[in-house]
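Biologist: Could you walk me through one part of this model, slowly and in plain words?

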Amino acid sequence: MEITPEMEEVLEAIYMAIEDQPEKERSGVALEEFQPPLDEANLKELRERGDVDFTDSGRVRLTPSGMEQARGVLRRHRLAERLLMDVLDVRGELMDETACQFEHLLHRDVAEKICSLLGHPKVCPHGKPIPPGRCCEAMKAQVEPAVAPLADLKPGQQGTIAYLHADEPEKIQKLMALGVLPGSRVELIRRFPSYVFRVGYSQYAVDGEIAGAVYVRLMS
Amino acid sequence: MPGKRKGRFGFKWRRRGPFRFALRHRRPDIKASKEPLPEVAIVGSPNVGKSVMFSQLTGHYVTVSNYPGTTVEVTRGRGRIDGRQFSIVDTPGLYSLLPITEEERVARRILLNEAPECIVHMVDAKNLERMLPSTLQLIELGKPVILNLNIIDEAEKLGIQIDREGLAKELGIPVVATVATSGRGVNELKEKIIAAQPREDIAPLRYDDFIEKAIKDIAHRLKGIYNASARGLSLLLLQEDREMMEKVGAQETEALAEIMAVVNEARGKTPHSIGYLIANRRRDWAEEIKRRYVLSPSLLKISFAERLSRLTISPATGIPILLLVLYFGLYKFVGVFGAGTVVNFLEGKIFGEYLNPWVNALLLRILPVAFGWQFWARELVGGQYGIFTLGVTYAVAIILPIVGLFFLLFSILEDTGYFPRLALLIDRIFKRIGLNGRAVIPMVLGFGCVTMATMVTRILETRRERIIATLLLALAIPCSAQYGVITGLLAQRQAGFLGVSYAFLLWAAILTGVFLLVGMLAAQVLGGSPPSFYMELPPLRLPQISNVLTKTVTRLSWYFREVLPLFLWASIIIWAGRISRAFDLIIQGFSPLMRLLGLPEKAGEVFLYGFFRRDFGAAGLFDLNSRGLLSGVQLLVACVALTLFLPCIAQLLIMKKERGLKVTVVMLVFIFSTAFGVGALVNFILTGLGVKL
């Protein structure tokens, strides 16, 4: 059967209980520990799906598939919290309530995009860890070449300009007017008090905003 | 004279160097020529010297107008080469035939709609490799192209050698090396323009097979009339250029459908975009060409100039360097030498001992009666405030040497390429006051003549910047005429840090403080944010005497023509004010303000005259001081208030013209209050602390 938001909440609750006390992963969590208590019907459906099982003493555990589901829900919940707080500046109760609903609405791919957007955050605003997703693993596996904005380079680093990207077209125009274009080799000379870099035989000085629009593929 | 041509300073003023801008004659009465003169189009990315070359090639009838339907300005002119007349168009900066900006779109439209007989592709010789892909695109269009390697002198200085013949043979087009600013190579360029012929082979580069096939299929279907070769057009269509698609669609709708089918088929044959493949191939080709025909030394060795440059841009060393430049340049050269030695010589000796007494004696001979109208007539020309004894004397003996020396210093610094480095050092600070590093030019120029600097604020990008810059210039930047005299006054006081008097240091510090504070306030009040800072850093080099002299003379002659006459008028106004006793009344009106500043009532003269001519005001101070009527603190207070005080009459006119009447009036009110407010504050604090200067 399809998993419902209520069932997801249950999984989430169990996961969080295990999070606090990792030994419970194997020994199971006593049903009395849940405040408010878990809904019986949902638990039954989850068991039928094979996401939870019970120990002899009636404690509830997450099966591997249940674990995976729970992790996903929690990840989406905590990513939503980060999104609300960091990007949308929504805090407190409103954040909690909204995040709680987001977790059921976000498709996994959308969550990955949010994760990338936020720069693969490791913890939620409450300090709890955010389970990593495929995008985070991919990031770790990726070594070179990495593309970074010129503003992030250290003096002496070189690379090839991969692309120019800025919210305002004037910034791109300015760079083009200087002759700073994709394909050119660039070396950063200084960061402070302004960004000074070299392309070919010419040197240019720009501020942080423009330096942030030049994306460089680094040389190893 | 500002009266003659309404609202325009009708002169042509071209500056070379990294801050390139020109004020050209606008002649709306002469329309673009309707005769079918053969057209030469100058094409290239910005900052390669297109405008300079344009002036080299054209003689008369230069017009600047908007390309129809856009805000992009296009400059056209007529030139005569070897007896034949040409129409020359200076296209807006174009990097690639796939335009991104509106300027590029217009440039391309000019090429495709106007069928020029010859395209001069101007490139910066030392960056040839980067520009070659565009040369290729122009060649592919099918028109005669001349590759013009400009700024060849800088390339030579870097040790770059280009095999022009080999390159010309490889590309199949003439290759000319020039230095547009000096005229070197321009004659050869003209010869090549005359001899321009459409070429046979317009495919120096072949792309991937499937692309070449697609090109052939598309070219085959193009039956209409376009101002480009089939190959060039096909390449643009393959890259799905909107404008081209519309153009073709307008002429042959079915063909367009078939063509787009070919394009889609080609698209399906590669995971990359076709444009990406084409751009890559062109880049590889350009690298190969560079390898074969351009010899460039390794960039690893850092020359002395580069080392020095690095020193100027690191704050730890750059700021001391700046202070040294200020000390030796502004203080010693313009201040002590100019305002002191030279002025003393000119004013004291030449005018003081010879010319003025001679004029006065002459006047007495013509109009011998001591009082009455003859007295006033003599006073008009001679005496204490006469046109000659004060107006001309001050203009020639005081202002001209000081301003002249400042312009000389400025031109030297400009020619070395120091200013972009200064700009990048102060960009962050300037951002706090709503400006950015690029404003360094008008600000520094303000130390020479604030009027000229206010005009130069035109190079600033946003209106907000222009207003803030104008305000700060009018308020806190002392022009050299003022600055010279004030330095003379304050430098004589008790010596302090490094041999510079405390009074002077305090004056400088107070001004800097007001500058920053008012700047920050203005930035807050006006809202918005400063535009991003970007600037090329040309290599540091020794100033060339010819350049320096040309620039200095240009600026000086502008000053002579536009500002000095106003000062002569000011003398007349002062004379009239004295006759009618109007001035005495105004000075009396000033006395409460003077008391607030702790100054004697007579100091009111200083401000009144200072409005018309700053140097008059400062000279009045000089007078009071030498008569022992002012204490050190009073002198400082007066200097501070005078510097902050209303702009001189020349500048007032420029402000009204550039920023508009409303803005100017608001600024004036603010400036007036600030000048006296700060003066009163300084007086209060210093006398309260019992400081003696």
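Which residues of helix α9 (residues 242-251) of chain B are buried?

Modeller: Some ground rules before we zoom in. This is a predicted model, where local features need pLDDT of at least 70, side-chain atom pairs count only at pLDDT 80 or more, and totals for chains, interfaces and linings use all residues. Residues are numbered from 1 along each chain as its sequence is written, while chains are lettered from A and ligands numbered from 1 in the order in which they are written.

Now your helix. The buried residues of α9(B) are B:Met244, B:Lys247 and B:Val248. "Buried" says that 20 or more other C-beta atoms lie within 10 Å of the residue's own, "exposed" that 12 or fewer do, and "partly exposed" is in between, with C-beta atoms placed from the backbone. A helix here is a DSSP run of H or I with at least four residues, numbered from the N terminus.

Look down the axis of α9(B): the buried residues fall within an arc of 90°, so they line one face of the helix. That arc is taken from the directions from the helix axis to the C-beta atoms.

What sits over that face? The cover on the buried residues of α9(B) includes α8 (230-238) and α10 (253-268) of chain B, going by contacts, meaning C-beta atoms, placed from the backbone, that lie within 7 Å. Now flip to the face turned away from the buried side: there you'll find the exposed residues B:Arg242, B:Glu246 and B:Ala250.

Elsewhere, chain B also meets chain A, in a contact that takes 24 residues from chain A and 26 residues from chain B.

Conventions: Contact = placed C-beta atoms within 7 Å. Helix = DSSP H or I, 4+ residues; strand = E, 2+ residues; numbered from the N terminus.
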